[in-house]
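Subject: Handing over the model

Hi there,

Here is the structure I promised to pass on to you. Have a look at it first, and then read on for what turned up when I went through it.

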Amino acid sequence: MEFKISRKDSEKNNLYIIDDIKKLKELNALNKEEISYCEDLIKNEKNIITLNQYTHVVFVFYIKKADTDSQTHEGIRKAGALFQTSIQQNGLKEITIYNLSKTSEAAYLLAEGIALSNYQFLKYKKDAAQKAYSLKTISFDKNTLDKKQLLQLSATIEAVYHARDLVNEPLNFLTATQLAKEISKKGKEAGYTTKTLNKAQIIKEKMGGLLAVNLGSPEPPTFSILEYKPAKPFNKKPIVLVGKGVVYDTGGLSLKPTAASMDRMKSDMSGAAVVIATMYAVSKMQLPLHVIALVPATDNRPGQNAYVPGDIITMYSGTTVEVLNTDAEGRMILADALHWAKRYNPEMVMDFATLTGAAAVAVGNVGIVCMGNLDEKQKNNFKESGFRQYERLVEYPLWEEYGDMIKTDVADLKNIGGREGGAITAGKFLEHFTDYPWMHFDIAGVSFNTAKKHYTPVGGTGYGIRLLVDFLTHYSQQ
Ligand code: BES
Ligand code: ZN
Ligand code: ZN
């Protein structure tokens, strides 16, 4: 999607945002009949209007105010999804947005909703060219957005598209090795560097968690280190991101039971996709922040050499872990990455992972379960970013009792708690491998859609990227 500023032109496909019915009269684009038609619709609560003027189409969007600003803003993004449908039905290549409302962010939000809805994954379709959506360019009247907002919008949309592509790619393309290649390719485009450890180097480092999960796979693991370091970063110590890169999760020997639970498991690298896409956006926007991302990657399969329940693994940190369920593999590979992060003396570490079904059960597909020891100020900033982007957070506690649930007689830790508090015992496991300000984000419920939902399509959603980019953008301005 291309975003640009363009000159006023009443012969184009223009979209007018209003929040006052009187503004309709100021639109030179509409004649009397059209104005009264719009007035009637708006009075009847229809606020998304398409007017066909033969050589072009005029759209009118009347903002409905909700209880809170963040709900109003999300309403605008969702309206974008409906406009995208209308734009596609009319086969339009370009639209220009004019904001005549008092909500200054409205054009940005509407464009975001339209662009996020306009995503398609057509790589494997023979008739991709015919299937492709028509819309290629969203333009703005010059007073609606400044250059910086335009860059932020395009970087964010590209980042989300990239993450969705990665999630939608199946294992027979996106192995751990291929994921590392994709990371490096995007880095060259965006401006971050990539260093990838191969299997021999991972063995040499003794990353026991990553290697254990990889034992059942015919494919080697990878450990990628992405770095963006601008000339004058705001932060002296780096911010480190960690993403779960399980390119496919069968459960291993603790094989996942039903079709429904394995069907979407190509999405088990969604955490990796979030941090990769965030690195892409941060580099494209040239945020004044030093950011490093770590992506441990492998598939989890029940091969001949696969790790078995009862195995005791010596992790990268030296901690021993009794594996009682090979399907609790995410925490095994994240633990090694979290230990690696200590070498940077990081300002803070955030990990993103499709870690537990328990998190999905708890909040469904409407939010992220988070936990950690960041100071209250930063936690609140995260929660505010969550509301701003409508990728909202629910914080869970890391009380010591949950730590007791992952104790075992034969090793330092076991890799599962009980049925109860499953999202938290997973977080508690990760906490063991940290010694810095840290926050864990369990995105199991939100990373993948089985049906289109407003501006997120079927498949990978990219949920979490806008949250993280928003947090980092505000952090760099503190
Ligand atoms: N990748 C899954 C978690 C998951 C479940 C993500 C559903 C997305 C949707 C993870 O590796 C897993 O299998 N977790 C187990 C942990 C359990 C064995 C302690 C789970 O949640 O059941
Ligand atoms: Zn699993
Ligand atoms: Zn998993």
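**The zinc pair**

Six donor atoms surround the zinc ion (ligand 3), and because the angles they subtend run from 78 to 174°, the arrangement is octahedral. Before going further, please keep in mind that this is a predicted model.

Which residues supply the protein donors of the zinc ion (ligand 3)? They are Lys244 through NZ, Asp249 and Asp268 through OD, and Glu329 through OE, at 2.0 to 2.4 Å from the ion. Along the chain, these donors follow the spacing K-x4-D-x18-D-x60-E.

The zinc ion (ligand 2) sits 3.2 Å from the zinc ion (ligand 3), and Asp249 coordinates both. For the zinc ion (ligand 2), the protein donors are Asp249 (OD), Asp327 (O), Asp327 (OD) and Glu329 (OE), lying 1.9 to 2.2 Å away. Asp327 therefore appears with both an O and an OD atom in that list. The donor residues of the zinc ion (ligand 2) are spaced D-x77-D-x1-E in sequence. Here the six donor atoms subtend angles of 69 to 166°, which makes the arrangement irregular.

How accessible are the residues that hold the ions? Glu329 counts as buried because its relative accessibility is 0%. Lys244, at 2%, is buried, and Asp249 is buried as well, at 3%. Asp327 has 22% relative accessibility and so counts as partly exposed; the cut-off for buried is under 20%.

**Salt bridges**

The count of salt bridges comes to 26. Three of them seem worth a closer look.

Lys102 and Asp19 meet through their side chains, with 3.8 Å from N to O. Lys102 lies in the loop between strand 5 and helix 3 (106–117), and Asp19 in the loop between strand 2 and helix 1, so this pair ties together parts that are 83 residues apart in sequence. Lys102 has a relative accessible area of 71% and is therefore exposed, whereas Asp19, at 16%, counts as buried.

Another salt bridge joins Glu189 to Lys284, whose closest N and O atoms are 3.7 Å apart. Since Glu189 belongs to helix 6 (residues 176–190) and Lys284 to helix 10 (residues 270–285), the pair ties together parts that are 95 residues apart in sequence. Glu189 is partly exposed at 44% relative accessibility, and Lys284 is partly exposed at 32%.

Glu391 and Arg466 form a salt bridge through their side chains, at 3.6 Å from N to O. This pair links distant parts of the chain, 75 residues apart: Glu391 is in the loop between helix 13 (376–389) and strand 16 (393–395), and Arg466 is in helix 16 (residues 465–475). Are these two buried or exposed? Glu391 is buried, with a relative accessible area of 2%, and Arg466 counts as buried at 4%. Both also belong to a network of salt bridges, in which they are linked with Glu74, Arg77 and Glu112.

**The six-stranded sheet**

There is also an open sheet of six strands, in the order 1-6-5-2-4-3, with mixed pairing. Strand 1 (2–5) and strand 3 (48–52) are its edge strands, each pairing on one side only. From one strand to the next, the twist averages 20°.

Strand 5 (residues 94–99) and strand 6 (residues 137–140) run parallel and are joined by four bridges. What is the bridge partner of Ile95 in strand 6? That partner is Ile138.

Helix 5 (residues 147–168) packs on the sheet and touches strand 1 and strand 6, its direction making about 170° with that of strand 1. Helix 1 (residues 32–43) lies across strand 2 (14–18), strand 3 and strand 4 (57–62), and runs at about 155° to strand 3.

If you want somewhere to begin, try opening the view on Asp249, which coordinates both zinc ions.

Best wishes

Definitions and conventions: Residues numbered from 1 in each chain as written. Chains lettered and ligands numbered in written order. Predicted model: local features only at pLDDT ≥ 70, side-chain atom pairs only at ≥ 80, totals over all residues. Heavy atoms only, no water. Pairing = 2+ DSSP bridges. Helix = DSSP H or I, 4+ residues; strand = E, 2+ residues; numbered from the N terminus. Axes fitted to C-alpha atoms, helices over the stretch in contact; angles between N-to-C directions. Contact = heavy atoms within 4.5 Å. Donors = N, O, S within 2.8 Å, 3.2 Å for Na, K, Ca; no water. Tetrahedral: all angles 85-135°; square planar, octahedral: opposite > 155°, others 65-115°. Buried < 20%, exposed > 50% of the residue type's maximum accessible area, 1.4 Å probe, protein only. Salt bridge = Lys/Arg side-chain N within 4 Å of Asp/Glu carboxyl O.
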